[in-house]
Amino acid sequence: AVDHRACGHGKIILLGEHAVVYGSHAVAAPVPLAVRAVAQDTKSGGVDMFIPRWGVEYRLHRDPAHRDSFQRSLGIIFDELQLTDRSMRIEVFPNVPRAMGLGGSAAMAVAVIRALDQHYKLALSDEEINALAFRCEEIAHGSASGIDNTVATYGKPLLYKRAGKKGEAPMVRELHLPKRIPLVIGISGKESLTAVTVGKVRTAWQRNPALYDGIFQQIDSLTLQGVEAMQQYDLERLGDLMNICHGLLNALRVSSWEVEELVQIAREHGALGAKLTGGGGGGSIVALCPQNREKVAAAIRDAGYQAMEVDIG
Ligand code: MEV
């Protein structure tokens with residue numbers, strides 16, 4: 001039997017989050033966590049959404065004005081694909097933890113679009129899937145750069161820079177790494193909405209654009225150096241750049257008590273570099289661990305957090 005479950009990838013950002021919203025480069029990679037979704041016909045007379053793991057269950061409101069923010073973000077998919085009047089059930093199986101900076105919202109949008117694409121034989125291209133997931137992200141994040149939906153769609157490590165003008169295509173370059181890069185993801189368990197941290201950074205930037213643009217430029221430059229370090233497999237240098245990037249993200253005040261503890265634990269147990277990943281304000285960290293990977297993961301777990309060992313590339 002054919003499995004019609006469609007998938008969207010979760011992600012980590014290795015360098016460049018937040019600054020990427022303002023036009024800097026960022027590096028991201030998929031993680032072996034995905035959201036899956038499946039669409040089925042029903043006779044219920046509406047679009048019913050089920051996310052059993054989260055206890056979410058709702059009938060999509062036909063009128064966008066009556067949708068809450070969660071319904072608005074995914075609802076745009078049904079409007080755009082002109083499926084709002086269908087009678088169907090969408091079931092979603094999220095293996096990306098919610099609001100942990102690992103791209104769960106983008107992965108969910110991509111999974112739902114792909115499930116509809118398969119079920120209704122829409123023959124959407126990856127570009128169309130990505131563009132529609134970006135619309136969902138704009139609603140979910142406020143001002144999304146588009147990096148999360150791009151990794152969720154293509155599932156490859158990439159260098160990303162958003163378009164200068166609305167309507168133009170972003171710069172997306174797949175990164176071919178000489179060898180896999182061993183990481184530990186530390187999950188704080190503190191949920192944080194990217195829309196909130198992105199909004200905080202925007203308010204601070206509006207008060208002092210010159211100062212913040214300077215920080216974004218530094219993040220841009222260290223991200224490009226990080227790409228070189230990755231391609232030369234110079235992990236010492238990559239680790240330094242991750243540490244500096246975390247310092248700059250701290251300057252943007254998107255860290256949290258838990259994130260700082262995780263970063264310190266990782267560094268003390270031998271990580272070459274450790275930083276928050278994604279939106280921050282809680283969520284997750286990523287630590288570069290060519291040696292001592294198990295030790296770092298164990299120390300994170302001993303402190304009461306979750307740890308995942310992943311390779312990218
Ligand atoms: C979130 O994963 C990454 C941010 O840079 C927001 C975005 O790029 O849309 C914080």
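Reader: Let's start with K11: how far does a polar side-chain atom of K11 lie from an oxygen atom of the ligand?

Author: Happy to help! A polar contact is a pair of N or O atoms within 3.5 Å; within protein, one must be able to donate a hydrogen and the other to accept it, and residues adjacent in sequence count only if both atoms are side-chain atoms. Here a polar side-chain atom of K11 is 3.0 Å from an oxygen atom of the ligand. For S145, a polar side-chain atom lies 2.6 Å from a ligand oxygen, while H18 uses a polar backbone atom, 2.9 Å from an oxygen atom of the ligand. Of the 300 Å² of accessible area that the ligand has on its own, the protein covers 99%; such areas come from the Shrake-Rupley method with a 1.4 Å probe, and for residues only the protein chains shown count as cover.

Please keep in mind that this is a predicted model: local features need pLDDT of at least 70, side-chain atom pairs count only at pLDDT 80 or more, and totals for chains, interfaces and linings use all residues. Residues are numbered from 1 along each chain as its sequence is written, and side-chain values use heavy atoms, with hydrogens and water left out.

Reader: Which residues around the ligand come nearest?

Author: A residue is near a molecule if one of its heavy atoms lies within 4 Å of it. There are 15 residues around the ligand, and K11, H18, A144, S145 and D148 come nearest. The shell divides into six nonpolar, six polar and three charged residues. In that count, Ala, Val, Leu, Ile, Met, Phe, Trp, Tyr, Cys and Pro are nonpolar, Asp, Glu, Lys and Arg are charged, and the others, Gly among them, are polar.

Reader: Which helices and strands each supply at least two residues of that shell?

Author: Helices (H or I, at least four residues) and strands (E, at least two) are DSSP runs, numbered from the N terminus. At least two shell residues each come from β1 (6-15), α4 (147-154) and α5 (194-207).

Reader: Where does phi have a positive value in a residue other than glycine?

Author: Most residues other than glycine have a negative phi. In this model, Q82 has a phi near 55° and N292 has one near 60°. Q82 belongs to the loop between α1 (69-80) and β5 (88-94); N292 is in the loop between β10 (284-288) and α9 (293-302).

Reader: Why does Q82 count as exposed, and why does N292 count as partly exposed?

Author: Buried means under 20% relative accessible area, exposed over 50%, and partly exposed in between (1.4 Å probe, protein chains only). Q82 counts as exposed because its relative accessibility is 67%, and N292 is partly exposed because its value is 34%.

Reader: Is S256 buried or exposed?

Author: S256 is buried, because its relative accessibility is 10%. Its place is in the loop between α7 (235-251) and α8 (257-268), and its side chain makes a polar contact of 3.0 Å with the side chain of E258.

Reader: How do I read residues within helices, such as A107 and R114 in α2?

Author: Take the accessibility of each in turn. A107 is buried, because its relative accessibility is 0%; R114 is also buried, at 15%. The helix α2 that holds R114 covers residues 104-119. In α6 (residues 209-231) you will find G214, which is partly exposed because its relative accessible area is 26%.
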